[in-house]
Each structure stands twice: as structure tokens, then as C-alpha cells.
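These notes are meant for a colleague opening this structure for the first time. They go through it point by point, starting with strand pairing and ending with the contact of the two chains.

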Amino acid sequence: MGWENRTDCHVLVIGSGGAGIRAAVEAEKYGTVSIISKTITGKGGCTVMAEGGYNAVLSDADAVSVHFEDTVKGGAYLNDAALVEALVSEAPARIRDLFNWGAVFDLTADNTIAQRPFGGQRFARTCYAGDHTGHEMVMTLLERLRGSNVEIHDETTVLELVKDGDRVAGAVTVDRNGELGLVTADAVILATGGAGQLYDVTTNSTAGTGDGYALGYRAGAKLIDMEQVQFHPTGAVFPADSRGRLITEAVRGEGGLLRNIHGERFMEKYDPARMELSTRDIVARALATEILEGRGTSSGGIYLDVTHLPAEQIEKRLPVMLSQFLQFGIDIRCEPMQVAPTAHHFMGGLCITAQAETTVPRLFAAGEVTGGVHGANRLGGNALADTQVFGRRAGISAGKCEPSAKSVDAGILSAVEEKISRLYEGDTAVSSVQKRLKSLMWNNVGIYRNELDLKVAEREVRKLQGERLRITSPQEIAGACITENMLCTASLVISGALLRRESRGAHTRTDIKQKWEASSSPFGHTWFVGEKAGIDIVEANL
Amino acid sequence: MKVSISRFNPETDAEPHFETYDVTVREGARVLNVLDAVRDECDPSLSYRHCCRGGQCGSCAVRVNGEPALACMQEAKDGDIIEPLNLPRIRDLVTDIAPAIAQMAWLSAGECRDCSYVTAGDVEEISPLRECIECFSCLSSCPAVGASTYAGPTAIRQQQRLNLDPRDKADRVEEAVEKGLFSCTTCHKCVEVCPKGIETPRKAVEKLRAQAAARGLSLPAHKSLAALIESTGRSVERKEPTFLERVPDVIEPEGEVRSTVGFFVGCMFNARVVQPALDAMDVLRRNGIRVIIPKSQVCCGSPLIRTGLVGFIPELQERNIKAFADAGVDTVLTMCAGCGSTLKNDYDTPFRVADITEFLVETGFEEPAKVPGTYTYHDPCHLLRGQHIKEQPRVLLRSAAETFVELAPRCCGAGGGVKSGKPEEAARIGAVRAEMVKETKADYIVTVCPFCEFHLHQVTGLPVKNMASLLLEGYQRKDSA
């Protein structure tokens, strides 16, 4: 037990979705690498669940500059230009990496990578493998990882980052048996994904609990735009326990139509030019409005219909959707799906440079745990590209760090031990806190927000943070610490939502009337560093 | 909802035990939601895996009422029994899948920097083998794993996935042989339990075996069998007058002709165990079925297809199709599950192929008298999964047997060329089956496959009756009563 369980590596990667694995295989070129994930490697992240695709400019008829403009416009001009530039210019090279490593993407008749249209883009630039694109990417990355010398630690949860002075120097971990461990590293990469699990209704895997935001925040890193939570317009509504399960945007990309209970294609009212293929923020609000105003189905959904498409197209391009719905008793070839918005992607997160450096030395980040790439609303297909572009960049930057003698602050180790012993004396079930948090976030910090609801949420989260979590066995340590991470992340989301006194992208404040368009907003990023938080002002737009 | 969950804590328990829980869940709840409810309401220490909740990550595979399923997709039912996969156990429902993952090969691209030569055709071929979510349900239920050093279905699937990929530079065929390619009995259990329905036996095992065979890597017993078929058209040597030598070209029924069928006898019933086939003729006659028996029919080729020695297959297919097409029948009956499955799945026939049990139940049959004794039924894999025939043999058996006791399906080890090529492995699979049979306390086993019949008798020591023979016995009792 305890700190005899100590290992060292050059680069420690936390998280094993698309960004984490990509970072690990890149960092391995520079020294020893360990990848730690709280699930079986590759299974936990949202990458493996990603269905629709990967945006990359591959055709001469398309242009990187157009992908840039689409991304920034879709992001309501809150994106960091340098990050977007990196994303759009490098996405093509990174999909070629995957292809060279064995990825089995759909090809056109002339054997080039096939691309389909996705929302908010002026060109069909979304590459795909049926509707299991993320699974295909993860299998490819896993093959690459298994053929490397990266040390893989499955089902090990990071409880805290450890520092040597002002630099990050490793992490305290707990394995599935409840054994504590210490991993020291010259550099650490956070690739822990998002936090959809803060919400009652979400597309995210159960691993999407926002640990990286909380770990980075407690290590002193700057986070931005945490209020920017994307609600995907189309989540499942039935059965009750599967509410929120992702219905891929590819359904609309392939020609799926949205209709309300009266059979009206209501997108005419919200975005007549782009209709179903408008950006996710707009489509999600449209669905929420239709449902709130009583034009939804009796189970609180909107119809998403592909019955007019040839059965063969559905079978070939949307096989996962077809089989999932069949298992719930619905044949989407013959009857419409019912959908409703669901918490999907965190656009905010750790503030990074184009080289994936956070504001804390030796701490790097990639993928959904970062902020700035997608601004206030992410385009479908940009997240998978994000994982590969910034995963590789984080791997390079971390790999290039000079080796250092790591003297770990003993205080943090004893703090972790004390915290764990307190958990055995707690009185509140972990599941009870999580349930209350999720429904609070869904009700008060959802698509439509106002100051009153947010203030209530702020107070309630503080109360939940005051409750004493209880565990009964060492295997429950990870779950309790993850719950604390969820509360920490939730408080940042609420704080950002209060700070941003405008509607922008995915963040909609119904209590504020604003005169400006997103492009001329006087506000920049919200930000959070330790006890301080604020919102940047864009002087030029004042 | 009440469920039983198998619990095991390695620190305190010598053996796993079941606990029953009563929890409240919503309509349409999945097994995973029930596990969540047990954890939240009853015992926070319950260990189980879960991630995507949408059947895409493969974390949550468990056994529900004995059969593998993804907990996140399987609808929960009152009384469900939830156990871990049949893999080394860590705690509660969590198993150690690391050794299985270690068997999965990765692409070796060599110096490939521009893989633009991959074609849409390659993608179409590889894609069906690419959907694996590494849930290891197949490994958990494969009868050959545990009876041999076989790496298991999904490891072989991965070999073929790489073998098909022009970017891959390694020799996946030889590797597959080392991983136990010839240990698969082609029982198709892996397909049945796969959440993605990946057809590993047909799309990976048999394809890799064909390539291994082309390189001379076949097992010696398979090579001599292939030589026998090529020289005689039969997989069984003639030792005494065969079925085809003993019957006329047409057998007229007793009384009114209700239908006319062709009869495909298969090598085993033609030359090794002739009596059940003769019995079947009597059963058909009794039920008003005229039987046409073309004498030019030959081996269906099943032993060749399963073992990869496929060079002679087109000729066999042509001769058999011609034999029955010339006879002018629109339905051909088989009574060997292996022949039936091969004619249905590996042939493109201008006539319908039906198993004798399928046909009798469909067209109606005369009730026999009950034959004394306790009977159980062994599902031949090539009937159950090869032809999706489960109920019909049971209908017949219930009408003919004094007492019928159920037996859960499991491969007996006789198929896929394993019995001829690796008899010791077939015997080990058979020994497991024998234990299951023993638990039924049956006096007799009934089945519809001569390979199963032969092998089950060897491993159980019990008399194994063919379904047709039992029916005939019932008719004879009826007549003498």
C-alpha cells in the first residue's frame, strides 16, 4: 500500500480517447510514455462513440480558409484564431496518418476518402466510416498503441496532479482495487475529454465526468469559456434510461428531416437557408422551443425522419443507428425517430497555445478538455479532427520537455491519504450527490439560462460540495473523487454562465437583451484561475 | 424487479455466490440500469464495467441467463440472472480481458507512407470484420477455447482483417495457424453472441484456412480426406453396400402422394451409418412423401469448405445441383445438419433445401406412439445456427418420446474438421458436453447430425438415436399395439 507503488516515465498521458492515444504514440518518439485511463484503454472516451465524422479539407474545390471561416462563424467568433488555424490546416495530414496506420474509412468509387455534408459547413468535408467513425479511429489508434512501447495502465484513476514547485511533475492514482500509486513524469498531458455527465441527459459515456477540468484547475491552470456547453439537437427520448443517447448528425447529413407533431418542417422558422443542416446551437434551440411551446410528441420529442431515403442508404451509411433503434423496437426505415436535445460537448476548458501548452509549466492538454478551438459552438466533425491535431501537438510538446529530477511535494500525498480516510467517515452516498447535481444542471444550467436559475444552481452546488461523501470499500475511492471533480466543474460552468451576460453560441441568456451580433460582441473569453474568474473585454467592440 | 447477481470479492470470498436484489427501474430499462440501481440503492461496492451506454465500446458485456449480452443494450427482465463473462474473474462482474487484448494483432505497415492504393473494394471486404468492439462475448462462449490453445474467434477475426489489408506487411496466415486456426469447430456460437453479428467462421476462419491450405499448411488428416473426396466423390470409404446402392431411384409412399421431394443422403449416412437413412425413407413413405434419389449425387463438400481445401468445391457443387435439377424436384431433403447447412449457405441451388425435421413439421406428420425412456435432444450446430432450426426437432421428439428433457445447446466438438484433425481437442470439447448430458439423466440422446451422433456416443457412452429412427420406432409400436 501507499507510495511504494511508484513509477516514473518521461511523459504521462491521462485519458485514452482519440486525443490521449494520439498524444501517447507521438510522445513515445521522445522517451518513455505511460498512458493512464480510468476505463479499459480506448473504451472510455467519447471518441469511440463518435459516429458522424472527421472534417478535413481534402478536395481542391474546398479550401482551408473556408474551413477556418466556417469554424469561426459556427463558433460565434469566440474561437482562438491560432488554434483554429492549427486545426484546419493540419486536419488533412492527421487523417492521412490514420489512413496510413490502417484506418478503414469509406472511400469513393475512385478510391479517394469519401466526404459528406455536415451542419454549418459550406462544403461536404466530413470524412467517415459509416456511422462509427470514432470507433474506426480508436481501433486504428489502439493498433498503433499496441504496437508501440507505451506502457498502458487500464482502470486507473488520477486523483490529483502533483507538482514540483510550479511545474507539474506527475499524478497520484488509484487502481480498480483501490490501491494508491504515484507516477512521476517530466511532462503530463491531460486528454480526459468533456463533462456531459454533469447533466441528466447526455450523449457522453459514463466516463465523461470532467476530471481533467478539475485536475487542471486545482493545479492552477487557466480555464476558459466553461459556460459553453453544446447541446446536441438529436438525442434519443426512449427508453427513459437511454434518454440522451446520440443520434448522429449524419442522419441529417444523409437527408433526415425534422418535423414537429403537426408534421411541419419547423427549421423554416429558425434557419430557412440551412434548414436541418444549420449549426447545432441553432437546431438545438429550435427543438427546445418547439417542445417547450407544445409542438413536441407526447414523449417530449421531435420527429427525425429518414423513411423517404432508400433503405439501402440507411443500411450502409447509418448501420449503428439502424441496429440501435431496432433493439429498442423501432425500424427507422419505416418510421420516424423521436429526438430531443442532449448535453454533448464542452467547448470550454484548459486554455492552451497552438502547441498545446497550458498555463502551468510541464502540463499540456488536448481534445475536449481544452477550450478555444471551437469557440462558443462546435461544428460536427471538428472534434475528431481536434483530437488528432492537438493530440499530436501535445505529444510533441510534452516529449520535447527536458528530463528533470522530480522532487514531489509530500504535502499533496498526505492530503490525498487524509481525504480518503475522511471518505470512510462520510454520510452521503456518492450516487445521491451525482443524481442531484445532474438534475440541477439539466434544469437550471441547460439550453436556456437566466440569472435567477444560475444563482440557485450556484448555491445548490456549493451545498453539495459541503456534503460529506461516504464510501464503504477501496474500490469506491475513484467514484467519490470523480464526484468531487464533477462538482468542481459544475461550479465553473455556472460561474461562466453568470459572467457571460450575453447570448453567444451555445450559451443563451433569456434574461438579457443584447444589441450586438456575435461578431461584434464586446466580450471575449470567460476565464478561471484559482479563486479568480472574469470575462475578457474586447475594447474594439465597446 | 428482482434479479440475481453473481458476486465475488477476491479478498474475502473463496467462491463466487449469488445475491438477489429487488430494485425499482423504469419502463424499458436495460440490464445496465438495473446494475446501476443495485449499486445506488443496495450496495455501492458492486463492481461492473460500463462506458458508452450505447453498444459501441464493449465494456459492459456480461452473461444474462447464461448467454453473453451487452448490459447497456439488453432489456432487463424480472428474474434475470446476471453473471460475468466466462473469463478469468477479477471482482463481481469484472473479468480480466488483458490476456485477450494481448492476442490482438496490429497492423504492420512497414515503410508505407502513401497508402493510396487501398481500394473501395478492400474497404468493403474489411469493414464487416472491423466492427468488433472487443467485448469478448465470443471468447467467453467459444467451446474450442479452453479445450485447446486456440486464441479465440476475435483474435482470428483480427488476423483476417489484417490479411485483407494491402497496407499490412506481415504474414497473417501463418500467425493464424499458430493461434489455433484449425481448432475452430465452426459452430457459429461466436456469431450468435456477437453484438455486431460478425461472421467470424465464414468470413475469417474458413478464408484463412483456404489460404493456409493453398500453402500446404492443412492438417494431415484433412489432406487425406480431401484426396479421398477428389478420387471417389465421397468423404467416407465404401466398406459395405451403401445407401444409394440399396435403395431404388424412386420410393413411392404408402397411400396418397402428398408431396414429392429429392433426398440428399450425405456421405456418413450413405456409407458409415446407413440404417438411420433407411429408417428415414420409411418415415417419409408413411407420411405420404414420394422420394426421388438421384444416384449421381456426391459429397456436399462440407468437410472441404470447413477445412479450407476448396479446390474441388466447384465440381461437387455442379454435380450435385445437376443431379437434383435433372430429377426435376423443387425441394431437396437432407437429414445431415452439415450437408443441409452447406447446401443452404454455400450453394446457389435452383431448388429449395429443407431439413427432414423442418419439412415434416411444416407439412404435417402422423403422430407416432410414445417410445419408452427418457430422451434429450442435442442441437447440432449446423442445424441450430447453420439453418436456424430449433423448434421442429423438439416438436417431433415430444410426440415420439415418453419423456423429453431439455438440454442447453453447446457444440459437441465434432465439427469443423476438429474431430478428424485434432481428435484430442474434439474429445475435450466432447467431455464438457458429456457432463451436460449426464446432468439431464436421459437414457438416450437424439440428434439430427451423423457427426454429432457418432461423437456423442463416444464421449457419453449413451445410445444416440437418429430422429428418423426414433420416429420409425414410434410408428412400429403404434402398429403392433
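In which sense do β13(B) and strand β15 of chain B pair, and over how many bridges? The two strands pair in the parallel sense, over three bridges. The model is a predicted one, and the points below should be read with that in mind.

1. Strand β13 of chain B, residues 371–377, has a second partner to look at. Strand β14 of chain B, residues 401–405, runs parallel to β13(B), and four bridges join the two. One place to find this pairing is B:V371, whose bridge partner in β14(B) is B:A401. For the pairing with β15(B), which covers residues 444–447, look at B:T376: its bridge partner there is B:I445.

2. Chain B also has an antiparallel pair at lower residue numbers. Strand β1, residues 2–7, is joined to β2(B) by six bridges, and the two run antiparallel. B:K2 can serve as a marker, since it stands opposite B:D22 in β2(B). Is β2(B) largely buried or largely in the open? Strand β2 of chain B spans residues 17–22, and of its six residues the number buried is zero, so the strand lies largely in the open. A residue would need 20 or more other C-beta atoms within 10 Å of its own to count as buried.

3. Two helices of chain B are worth viewing together: α20, residues 423–440, and α21, residues 450–460. Their axes come within 9 Å and cross at roughly 75 degrees. Because angles from 65 to 115 degrees count as roughly perpendicular, α20(B) is described as roughly perpendicular to α21(B). On the α20(B) side, the residues that meet the other helix are B:A426, B:A427, B:G430, B:A431, B:R433, B:A434 and B:V437. On the α21(B) side they are B:H455, B:Q458, B:V459 and B:T460. By class, this contact has six nonpolar, four polar and one charged residues.

4. In chain A, an open sheet of five strands has the order β17-β15-β10-β22-β23, with mixed pairing. Which strands are at its edges? They are β17 (370–371) and β23 (532–537) of chain A, each of which pairs on one side only. At the β17(A) end, strand β15 of chain A, residues 349–351, pairs with β17(A) in the parallel sense over two bridges. There A:C351 has A:G371 in β17(A) as its bridge partner.

5. Chain A has an open sheet of three strands as well, in the order β3-β5-β4, and its pairing is antiparallel. The edge strands are β3 (54–55) and β4 (115–116) of chain A, each pairing on one side only. Between β4(A) and strand β5 of chain A, residues 126–127, there are two bridges in the antiparallel sense. The bridge partner of A:R116 in β5(A) is A:T126.

6. A single residue of chain A deserves a look: A:T234, which sits in strand β11, residues 229–236. Why does A:T234 count as buried? It has 30 other C-beta atoms within 10 Å, and a residue is buried if that number is 20 or more. Leaving aside neighbours within four places in sequence, A:T234 is in contact with A:I247, A:V251, A:L304 and A:V339. A:F390 lies 156 residues from A:T234 in sequence, and their C-alpha atoms are 27 Å apart in space.

7. Chain A is divided into domain 1 (2–228 + 347–399), domain 2 (241–341) and domain 3 (410–514). The centres of domain 2 and domain 3 of chain A, taken over C-alpha atoms, are separated by 31 Å. Where these domains touch, five residues of domain 2 are in contact with five residues of domain 3. Helix α8 of chain A, residues 280–292, gives the largest share of the domain 2 side, four residues. That side divides into three nonpolar, no polar and two charged residues.

8. Last is the contact of the two chains, which takes 38 residues from chain B and 40 residues from chain A. On the chain B side, the elements giving two or more residues are α1 (31–41) and α3 (120–130) of chain B. Helix α3(B) gives the most, with five residues. The chain B side divides into 16 nonpolar, 12 polar and 10 charged residues.

Definitions and conventions
Residues numbered from 1 in each chain as written. Chains lettered and ligands numbered in written order. Predicted model: local features only at pLDDT ≥ 70, side-chain atom pairs only at ≥ 80, totals over all residues. Pairing = 2+ DSSP bridges. Buried ≥ 20, exposed ≤ 12 C-beta atoms within 10 Å, placed from the backbone. Contact = placed C-beta atoms within 7 Å. Nonpolar A, V, L, I, M, F, W, Y, C, P; charged D, E, K, R; others polar. Domains from an automatic or database assignment. Axes fitted to C-alpha atoms, helices over the stretch in contact; angles between N-to-C directions. Parallel < 35°, antiparallel > 145°, perpendicular 65-115°, else oblique.
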